[in-house]
Amino acid sequence: MAKKNIYIAYTGGTIGMQQSPRGYAPVAGFMAKRLAAMPEFHYQEMPAFHVHEYQPLMDSADMTPADWQHIADDIQTNYQDYDGFVVLHGTDTMAFTASALSFMLEDLDKPVIVTGSQIPLVKLRTDGRPNLLNALYIAAHFPINEVGLFFNNRLYRGNRASKEHADGFEAFDSPNFPPLLNAGINISLEAGKLGQAGGKPLTVSAITHQPITMVTLYPGISPQVLANQLQPPVKALLLLSYGVGNAPQNPAMLKLLSEASARGVIIVNLTQCQRGSVNMHEYAPGRALAAAGVVSGFDMTTEAALTKLHYLLSKNLTPDEVRSLMGKNLRGELTR
């Protein structure tokens, strides 16, 4: 049986860094040489792979929507020549990129797995080796027809993952959805049936930078804070509320939200809690937000909601169409 061929898009991140006088930094040409010298990546059961190194290599803190577009376009350019794709990425914004790619890559019939590490590949105790090894193996041997994020022996749906630990190997979690696969002694299916290939050609939806802002509610927050965040040219606001979607019933604040909604600003209610879903019909504060034109983000991660807004606002849609689609499950990003 012919080996699968996997394309590695190496964007940067800790996994490929080496020590330098200015701290850990990526080094051009290192990744391909390092993998060539590691025999476990060339076992019979491993796929063939090609490393494409981006120029310049980036710290993921510097990633922008233009970089999401670059990665998506790169996958589209090479889509017919490879059986799957692994994106090497820094951990800080990895979940944002995985979420963005999940919306941009429409009718995806091949695995796209984003991974990286907390410790560089050159270090003795690196987590980069098992993360990349498993990502390549899964991309070659499992029918993952969507964007995933692999870390610490688990493959998560890309738009369900969030970075939960700053300096631990268990850096990512999927708060409201089980992992797709668990790579223990055996690789086991966790999240029910995997998505089936649809047989349609891949299309890439362009994402352009959108003026989106975010406010985390806290006791005593001033309406002026909200007013400042809602100034033009803002098109959308992520409102990180309490519990199941509650906010202060401050008349001035509700008036600001209502006025912003009326002029076309999309306001999405997300919970500050790590787990659970927004339900704006359960308590009076939530109902007041709904009356002001705020729409529910249900159980989406902040990363998924932000990138979904970028995706929808980049299309020629009315504000009401965007509001409606924010509440619909497009790529498995919310439980509906």
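**Chat on a predicted chain**

Q: Start with charges. How far apart are the mean positions of the positive and negative charges of the chain?
A: They are 2 Å apart, taken over 26 positive and 28 negative charges. Keep in mind that this is a predicted model.

Q: What secondary structure is in the chain?
A: The chain has nine helices and 18 strands.

Q: How does the radius of gyration agree with a compact globule?
A: The chain has 21 Å, and a compact globule of 336 residues would be near 20 Å, so the two agree. Along the principal axes, the C-alpha atoms fill a box of roughly 65 × 50 × 35 Å.

Q: And what share of the residues is buried?
A: Of the 336 residues, 54% are buried. The accessible surface is about 14,700 Å², and carbon and sulfur atoms account for 53% of that.

Q: What about contacts, how many join residues at least 24 apart?
A: That holds for 72% of the contacts between residues at least 6 apart in sequence.

Q: Switching to Lys 308. Buried or exposed?
A: Lys 308 is buried, because its relative accessible area is 0% and the cut-off for buried is under 20%.

Q: Which helix is Lys 308 in?
A: Lys 308 sits in α8, which covers residues 302-313.

Q: What does Lys 308 touch, leaving out residues up to four places away in sequence?
A: Its partners are Phe 103, Met 300, Leu 325, Met 326, Lys 328, Leu 330, Glu 333 and Leu 334.

Q: Where is Leu 101 relative to Lys 308?
A: Their C-alpha atoms are separated by 10.0 Å, while along the chain the two residues are 207 apart.

Q: Leu 101 and Phe 103 are in α3, right? How many residues of that helix are buried?
A: Helix α3 spans residues 94-104, and 10 of its 11 residues are buried. Leu 101 and Phe 103 are among them, as are Met 94, Thr 97 and Met 104.

Q: Now the cores. Which residues have the most contacts inside the largest nonpolar core?
A: Those are Leu 105, Leu 149 and Leu 309, in a core of 54 residues.

Q: And what does Leu 309 touch, with residues up to four places away in sequence not counted?
A: Leu 309 touches Ile 212, Ala 236, Leu 238, Ile 266, Val 268, Val 322 and Met 326. Met 326 is also touched by Lys 308.

Q: What other core lies apart from the largest one?
A: There is another core of 32 residues, including Met 38, Leu 121, Ala 135 and Leu 194.

Methods. Residues are numbered from 1 along each chain as its sequence is written. This is a predicted model: local features need pLDDT of at least 70, side-chain atom pairs count only at pLDDT 80 or more; totals for chains, interfaces and linings use all residues. Side-chain values use heavy atoms; hydrogens and water are left out. Helices (H or I, at least four residues) and strands (E, at least two) are DSSP runs, numbered from the N terminus. The radius of gyration is taken over C-alpha atoms; the globule rule is 2.2 Å times the number of residues to the power 0.38. Buried means under 20% relative accessible area, exposed over 50%, partly exposed in between (1.4 Å probe, protein chains only). Contact means heavy atoms within 4.5 Å. Accessible areas come from the Shrake-Rupley method with a 1.4 Å probe; for residues, only the protein chains shown count as cover. Lys and Arg count as positive and Asp and Glu as negative; His and the chain ends are not counted. The place of a charge is taken as NZ of Lys, CZ of Arg, CG of Asp or CD of Glu. A nonpolar core is a set of buried Ala, Val, Leu, Ile, Met, Phe, Trp, Tyr and Cys residues joined through side-chain atoms within 4.5 Å.
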